[in-house]
Amino acid sequence: MPITSANGQTTGDAAVSTPGGVAEPIMLELVDEDGTTIGTAEKLAAHQPPGQLHRAFSVFLFDNKGRLLLQRRAPGKYHSPGVWSNTCCGHPYPGEQPFVAAARRTAEELGVAPALLSEAGTVRYNHPDPDSGLVEQEYNHLFVGLVRAEPAPDPEEVGEFAFVTPRELAERHARAPFSSWFMTVLDAARPAVRELTGDSAGW
């Protein structure tokens, strides 16, 4: 069953198909300001203004040169299509541990398993997306890690990818659209990123 977002765009990535071919809505875990689970909500409904605070995760993977793996979200995504963002981000299923969800979605979206994945804290934010009209009210679990294999992304999830240095990221960020949450999650993860990559990487 197609999903219609706030801007009238019809998409399918807010639902999953069962073995019988029936689309079921994806459910998210609602939390309070301390990150304690208080309920669930359908994915698209949780992002409708003013948004419902829900659990999310963001992953930052680096190669052996200390370069960050970025992805450009596929143009068919219901939320923030075609913009650059961090390696992977998403939402745990209700009851799923954020670490498990982060590793799962990295494999599903980019076709790689992190060689290392570590917790890097949490950040809470409220970011409206002006293009879709949707709102990111998220309690976000951050993860940093290493990637050794070449990504093989799912084209329905990822339009393209790039490994960038801090300088290259700044140049790309100045000329290309990025997700509304990107700088918030990157800044929150920087202490763990620096610990992982070392001073020479420049993060």
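How many bridges join β7 to β12, and do the two strands run parallel or antiparallel? Nine bridges join them, and the strands run parallel. I shall start from that pairing and work outward, and I should say at once that this is a predicted model.

Let me first give the overall composition. The chain has 203 residues, of which 51% count as buried. Its secondary structure comes to four helices and 13 strands. Among contacts with a separation of 6 or more, 65% are between residues 24 or more positions apart. The accessible surface is about 9200 Å², and carbon and sulfur atoms account for 52% of that area.

I return now to β7, residues 54-62. Nine of its nine residues are buried, so the strand is largely enclosed by the rest of the structure. In a regular strand, side chains alternate between the two faces of the sheet. Here H54, A56, S58, F60 and F62 point one way, while R55, F57, V59 and L61 point the other way. Please note that the buried residues of this strand include H54 and R55. Within the pairing with β12, H54 has E138 as its bridge partner. A further partner of β7 is β10, residues 88-90, which is antiparallel to it and joined by three bridges. There, F57 is matched with G90.

The next strand to consider is β8, residues 68-73, in which five of the six residues are buried. Strand β13, residues 158-164, is joined to β8 by six bridges in the antiparallel sense. L68 stands opposite V164 in that pairing. β8 also pairs with β9, residues 84-85, again antiparallel, over two bridges. In β9, S85 is the bridge partner of Q71.

These strands lead us to the interior. In soluble globular proteins, nonpolar side chains tend to be buried together. In this model the largest nonpolar core has 26 residues, and those with the most contacts inside it are F60, L68, L70, L169 and F182. At least two residues of this core come from each of β7, β8, β11, β12, β13 and α4. The largest share, six residues, is supplied by α4, the helix spanning residues 182-197.

What does L169 touch, once its neighbours within four places in sequence are left aside? It is in contact with L70, V164, F178, F182, L186 and W203. Two of the residues in that list, L70 and F182, were also named among those with the most contacts in the core.

There is, in addition, a second, separate core of 14 residues, which includes L69, A102, L117 and F143.

F143 brings me to the aromatic side chains. A search of the whole structure finds four aromatic pairs, and I shall describe two of them. F99 and F143 meet edge-to-face, at 5.9 Å centre to centre and with 70 degrees between the planes. Because F99 lies in helix α2, residues 98-110, and F143 in strand β12, residues 135-146, the pair ties together parts that are 44 residues apart in sequence. The two rings differ in their cover: F99 is partly exposed at 37% relative accessibility, whereas F143 is buried at 2%. In the other pair, F161 and F163 are also edge-to-face, with centres 6.3 Å apart and planes at 85 degrees. F161 is partly exposed, with a relative accessible area of 24%. F163, at 19%, counts as buried, because the cut-off for that class is under 20%.

One more ring deserves mention. R172 lies over the face of W84, at 4.5 Å from the ring centre.

Finally, I turn to the backbone. Most residues other than glycine have a negative phi, and most peptide bonds are trans. The peptide bond from P49 to P50, however, is cis, with omega near 5 degrees. P50 is in the loop between α1 and β7. S80 has a positive phi, near 55 degrees, although it is a residue other than glycine. Is S80, in the loop between β8 and β9, buried or exposed? S80 is buried, with a relative accessible area of 4%.

To close where I began, β7 is joined to β12 by nine bridges in parallel, and every one of its nine residues is buried.

How values were computed: Residues numbered from 1 in each chain as written. Predicted model: local features only at pLDDT ≥ 70, side-chain atom pairs only at ≥ 80, totals over all residues. Heavy atoms only, no water. Buried < 20%, exposed > 50% of the residue type's maximum accessible area, 1.4 Å probe, protein only. Pairing = 2+ DSSP bridges. Phe/Tyr/Trp six-rings, centres within 6.5 Å; stacked < 30°, edge-to-face > 60°. Lys NZ or Arg CZ within 6 Å of the ring centre and 35° of its normal. Core = buried A, V, L, I, M, F, W, Y, C linked by side-chain atoms within 4.5 Å. Contact = heavy atoms within 4.5 Å. Areas by Shrake-Rupley, 256 points an atom, 1.4 Å probe, with all protein chains shown as cover.
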